[in-house]
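Dear colleague,

Please find below the structure that I am handing over to you. My findings follow directly after it.

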Amino acid sequence: MPDTGGSAKGDFGSPRGDPIEAVLTQAPELPPPTKRDYPAKVVVHLEVKEVVLPIADGVDYTFWTFGGQVPGKFIRVRQGDTVELHLQNHPDNKMPHNIDLHAVTGPGGGATSTFTAPGHESQFTFKALNQGLFVYHCATAPVGMHIANGMYGLIFVEPPEGLPPVDHEYYVMQGDFYTVGKYRAKGLQPFDMQKAIEENATYVVFNGSEDSLVGEKALKAKVGETIRLFIGNGGPNLVSSFHVIGEIFDRVYQEGGTRYQENVQTTLVPAGGSAIVEYKIEVPGTYILVDHSIFRAFNKGALGMMKVEGEERKDIYSGKEVDSDYLADKAAPSQAVAKAAEKMKEGELTGDLQIAAGKTLFQGTCSTCHQANGEGIEGVFPPLAKSDFLMADKGRSIEIVLNGLEGSVVVNGKPYHSVMPPMSQLNDDEIANILTYVRNSWGNQGEVVSPAEVQAVREKTARPPGAAK
C-alpha cells in the first residue's frame with residue numbers, strides 16, 4: 001500500500017452513485033475487493049447475538065458476537081467511502097452493546113453513538129479517511145468483559161487503487177478467553193472475571209475455538225499460489241506472536257498500516273491490533289499457524305492449519321508431510337473426545353467411547369515418549385505395551401500420570417531410569433480416557449479407569465511444586 005501522507009489525503013469528496021450494501025463475511029472468508037475508482041456510501045448492518053458455541057471438544061461457552069460467530073463479520077470498504085453503520089441488538093440478548101471501530105476518526109470510534117439495548121437498533125455515519133486494517137470491538141462497560149466474550153472483528157479500508165491480486169485471502173483473528181473451569185474442562189463454562197483481570201487465559205484461540213482452522217476446517221491452497229492473511233488480535237489482554245510453521249512471510253504490513261517489512265518469520269500483533277501477511281507456497285503439505293508464545297499453541301488452543309496440495313519439490317524440502325507427535329492431537333482431529341464428553345454428561349459413557357477418546361488424547365500427550373505403538377524407547381522410556389508395571393496397579397498408574405515419576409523402575413524385567421513430568425494439567429476425564437485406552441491396547445487387557453477414580457486420587461495426593469491442582 002502506498003504512502004498517502006496521512007488522513008488529509010484520504011478525503012476524496014462526497015460519495016457518488018447509489019448507496020451500496022456492504023458484503024459481510026464470516027471468518028475465515030473475506031468479502032471481494034471493492035474494485036471502485038470513486039468514493040461511495042456503504043451501508044453496513046451488524047447484528048449482535050449472544051450465542052452458546054463450542055470453544056473446544058465437549059466445552060461450550062456463551063459468546064457475545066457481531067453476527068453470530070467469533071470473530072465478527074469482516075467489513076471491507078474503500079478509502080474515502082462514507083460508511084453508514086447500523087447496529088442491531090437481537091431481542092433475545094441479555095446485555096446492551098455498542099461498537100467502537102478503530103477505523104473511525106472521532107471520539108469513541110462510534111461507541112457513544114451506538115449504545116443499543118436488546119431489541120433496538122442504532123446507527124451513525126463516518127468517513128473512512130485512513131487506509132489500513134483496523135479492529136472493531138464492543139466498548140460497553142465492563143469493556144474487557146465484552147471483548148473477552150468475543151466481541152471483536154476487522155474492518156479493512158482499501159487503498160484507492162486496491163491491493164495487488166493474490167490467489168487466496170483469509171481472515172484469522174486471535175482472542176484470549178477466561179473460563180471458570182480449566183483448559184478443556186467439559187460442559188458449559190462461565191466467564192471468570194478474576195482470571196481476566198489477572199490476564200491468566202484459559203484459552204488462546206483463532207476464530208473463536210480450538211478447532212476453527214484444523215482438520216476439514218483448515219485453510220486450503222495449492223503449490224504456486226499466493227496467500228494474503230488478514231490477521232487480527234481481539235485480545236483483550238495478550239499480544240500475539242503470529243507465525244506460520246514452514247513459511248517465511250514475503251511481506252508483512254505491520255500493525256495493519258501502509259508500510260511493510262520483507263522476509264519476516266514472526267510478527268507481533270498487539271491486542272486491539274492487526275497485521276497483513278503475504279507469502280507464496282512452494283512446497284505441499286500442512287502448514288501450522290500458531291501464536292509462537294508456544295504454550296498457547298499446544299496447551300491453550302492457538303493452532304490452525306493450512307493444507308496445501310500439489311507436486312512435491314524435493315529440491316526445496318524433502319521432509320515428511322505431517323509429524324503427528326509435533327502437532328499433538330490436532331494432527332488428525334476427531335469427534336471422539338466430544339462424543340465421550342457428551343455421553344459422560346448423559347451418564348452413558350462406555351469403555352469403547354473412552355478408548356476412542358483416549359487414543360486421540362494419547363497421540364497429543366504421550367506418544368512422543370511412549371511412541372504411538374506403546375513400545376517406548378529402549379533403555380530410555382519404558383513400554384506401555386504388555387507392561388507388567390502398568391497393569392499391576394491401576395491406582396498407581398493414576399498417581400504417576402497426576403504426580404509424575406522420577407527414578408528407576410523395572411518394566412518387563414528391564415530397568416529404566418528417566419523422568420515423567422506430572423500431567424495434572426489434564427482433566428479427570430482426559431486422564432481416565434487415556435489410561436483406559438492404554439490399559440486396553442497393544443496386548444493389554446484391563447478394566448476402565450473412571451473420572452471419579454482420577455478425582456479421588458487427585459484429592460488425596462499432594463501435587464509436586466509447580467504442578468497443576
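Leaving aside its neighbours within four places in sequence, His370 is in contact with Phe362, Glu375, Gly376, Pro382 and Leu384. Please bear in mind that this is a predicted model. His370 belongs to helix α7, which covers residues 367–370. Its relative accessibility is 13%, so His370 counts as buried, the cut-off for that class being under 20%.

I also examined a sheet. Four strands make up this open sheet, in the order β4-β9-β8-β6, and their pairing is mixed. The edges are occupied by β4 (75–78) and β6 (100–101); each has a single partner strand, so one side of each is left without a neighbour in the sheet. The pairing of β6 with strand β8 (residues 132–137) is antiparallel and runs over two bridges. In one bridge, Leu101 has Tyr136 of β8 as its partner.

The last item concerns a pair of helices. Helix α10 (residues 428–438) packs against helix α11 (residues 451–460) at an angle of about 115°, and their axes are 8 Å apart. The crossing of α10 and α11 is right-handed. On the α10 side, the contact is made by Asp428, Asp429, Ile431 and Ala432, while α11 contributes Pro451, Val454, Gln455 and Arg458. By character, the residues of this contact between α10 and α11 comprise four nonpolar, one polar and three charged.

With kind regards

Key:
Residues are numbered from 1 along each chain as its sequence is written. This is a predicted model: local features need pLDDT of at least 70, side-chain atom pairs count only at pLDDT 80 or more; totals for chains, interfaces and linings use all residues. Side-chain values use heavy atoms; hydrogens and water are left out. Axes are lines fitted to C-alpha atoms, for helices over the stretch in contact, and angles run from 0 to 180 degrees between N-to-C directions. A crossing is left-handed if the near helix is turned anticlockwise from the far one by less than a right angle, and right-handed if clockwise. Contact means heavy atoms within 4.5 Å. Ala, Val, Leu, Ile, Met, Phe, Trp, Tyr, Cys and Pro count as nonpolar, Asp, Glu, Lys and Arg as charged, and the others, Gly among them, as polar. Two strands pair if DSSP finds at least two bridges between them. Buried means under 20% relative accessible area, exposed over 50%, partly exposed in between (1.4 Å probe, protein chains only).
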